[in-house]
Amino acid sequence: MKTLLKLSSIVALSAILSACGSLPDTLATNNENVVATYQGVLDTNDKTEVRLGGVIDTVKNLADRTRIEVVNLPIDKYGKPDISEEPNGRFIAYVDGFVDPITYAQGRLVTFGGYKDGMERGRIGEYEGDFPVINAYGNYLWRVEERLIINRDFGSYGSCWGYYCDGFYYHSGPSTGRVIKEVK
């Protein structure tokens, strides 16, 4: 009985942990050589399978597909854009069919999987540049979750006893805190 309990605990724990860090199904591929860096996409040939992510800038619905311009951010092995890094370029993703501009709003984080299809001339204000184009087979919209961590200095009341730990009764020092942003 104990062995069965241990085994089921291990299986449940590994299932939970594998769900925490995996590539979304819409970005999954059997190709182990997907190019997933901006510079790599610039340097690679057309029709190469690529994966890039970042922040949506503009969405334009065309007759049979949608053009999405994205400010590129580096992505991790799970396709998550790294919001602690600086943007390093832009790319254009074309998605078949209609994409609702409210769902794919400016500022949302997204990752696209697809195939490189050349470069496209674009403008950012007065600047003109060439941006890599991805014909997307899949994409994933990410959300940013924020957690607040508060650190309290209890001053001379260094010990914490149950109900009185919350600082309501004996809070004599300053509080500090920080917001932690996570892409999920």
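**Exercise 1. The hairpin of strands 4 and 5**

Task: In this predicted model, determine how many residues lie between strand 4 and strand 5 in their hairpin, and which residue in the turn has a positive phi.

Solution: Begin with the turn itself, where 2 residues stand between strand 4 and strand 5, and where G125 has a positive phi of about 65°. Next, turn to the pairing of the two strands, which run antiparallel and are joined by 14 bridges. As a check on the register, locate M119, whose bridge partner in strand 5 is P132.

**Exercise 2. A positive phi outside glycine**

Task: Find where K47 is located, and decide whether K47 is buried or exposed.

Solution: The backbone of K47 has a positive phi of about 75°, although the residue is not a glycine. In terms of the secondary structure, K47 belongs to the loop between helix 2 and strand 1. Its relative accessible area is 62%, and because the cut-off for an exposed residue is over 50%, K47 is classed as exposed.

**Exercise 3. Strand 3 and its partners**

Task: Establish which way strand 3 runs relative to strand 2 and relative to strand 5, and how many of the residues of strand 3 are buried.

Solution: Take the pairing with strand 2 as the opening step: strands 2 and 3 run antiparallel and are joined by 7 bridges, and one pair to inspect is R65 with its partner D96 in strand 3. Then consider strand 5, which runs parallel to strand 3 and is joined to it by 3 bridges. Here I92 stands opposite V133 of strand 5, while A93 stands opposite I134 of that strand. Finally, the accessibility of strand 3 can be examined, and the strand proves to be mostly covered, with 6 of its 7 residues buried.

**Exercise 4. A buried arginine**

Task: Decide whether R90 is buried or exposed, and identify which side chain makes a polar contact with the side chain of R90.

Solution: R90 is placed in strand 3. Its relative accessible area is 15%, and since a value under 20% is the criterion for burial, R90 counts as buried. The polar contact of its side chain is with the side chain of D57, at 2.7 Å. To complete the surroundings, leave out residues up to four places away in sequence; R90 then touches Y38, D57, E69, V70, V71, N72, I124, F131 and P132.

**Exercise 5. An aspartate in the loop before strand 3**

Task: Describe what surrounds D82, naming the residues with which D82 is in contact beyond four places in sequence.

Solution: D82 lies in the loop that connects strand 2 and strand 3, and with a relative accessibility of 30% it counts as partly exposed. Its side chain and that of S84 are joined by a polar contact of 2.6 Å. Once neighbours within four places in sequence are set aside, D82 is in contact with L73 and P74. For a distance across the fold, compute the C-alpha separation of D82 and L109, which are 27 residues apart along the chain, and the value is 9.8 Å.

**Exercise 6. The largest nonpolar core**

Task: Identify which residues touch the most other members of the largest nonpolar core, and which elements each supply at least two of its residues.

Solution: This core has 18 residues, of which I68, F91, Y104, V110 and F112 touch the most other members. At least two residues of the core are supplied by each of helix 2, strand 1, strand 2, strand 3, strand 4 and strand 5. To see one such residue in detail, list the contacts of V110 without its neighbours within four places in sequence: L52, G53, G54, I56, V70, P81, Y104, N139, Y140, L141 and W142.

**Exercise 7. The whole chain and its confidence**

Task: State how many helices and strands the protein chain has, and where the pLDDT is below 50.

Solution: The chain comprises 2 helices and 7 strands, in the order α-α-β-β-β-β-β-β-β from the N terminus. Of its 184 residues, 31% count as buried. Among contacts with a separation of 6 or more, 61% involve residues 24 or more positions apart. As for confidence, the mean pLDDT is 86, and 77% of the residues reach 70 or more. The pLDDT is below 50 over residues 15-19, a stretch with 0 contacts in the model beyond near neighbours in sequence.

Conventions:
Residues are numbered from 1 along each chain as its sequence is written. This is a predicted model: local features need pLDDT of at least 70, side-chain atom pairs count only at pLDDT 80 or more; totals for chains, interfaces and linings use all residues. Side-chain values use heavy atoms; hydrogens and water are left out. A nonpolar core is a set of buried Ala, Val, Leu, Ile, Met, Phe, Trp, Tyr and Cys residues joined through side-chain atoms within 4.5 Å. Buried means under 20% relative accessible area, exposed over 50%, partly exposed in between (1.4 Å probe, protein chains only). Helices (H or I, at least four residues) and strands (E, at least two) are DSSP runs, numbered from the N terminus. Contact means heavy atoms within 4.5 Å. pLDDT is the predictor's confidence in each residue, from 0 to 100. Two strands pair if DSSP finds at least two bridges between them. A polar contact is a pair of N or O atoms within 3.5 Å; within protein, one must be able to donate a hydrogen and the other to accept it, and residues adjacent in sequence count only if both atoms are side-chain atoms.
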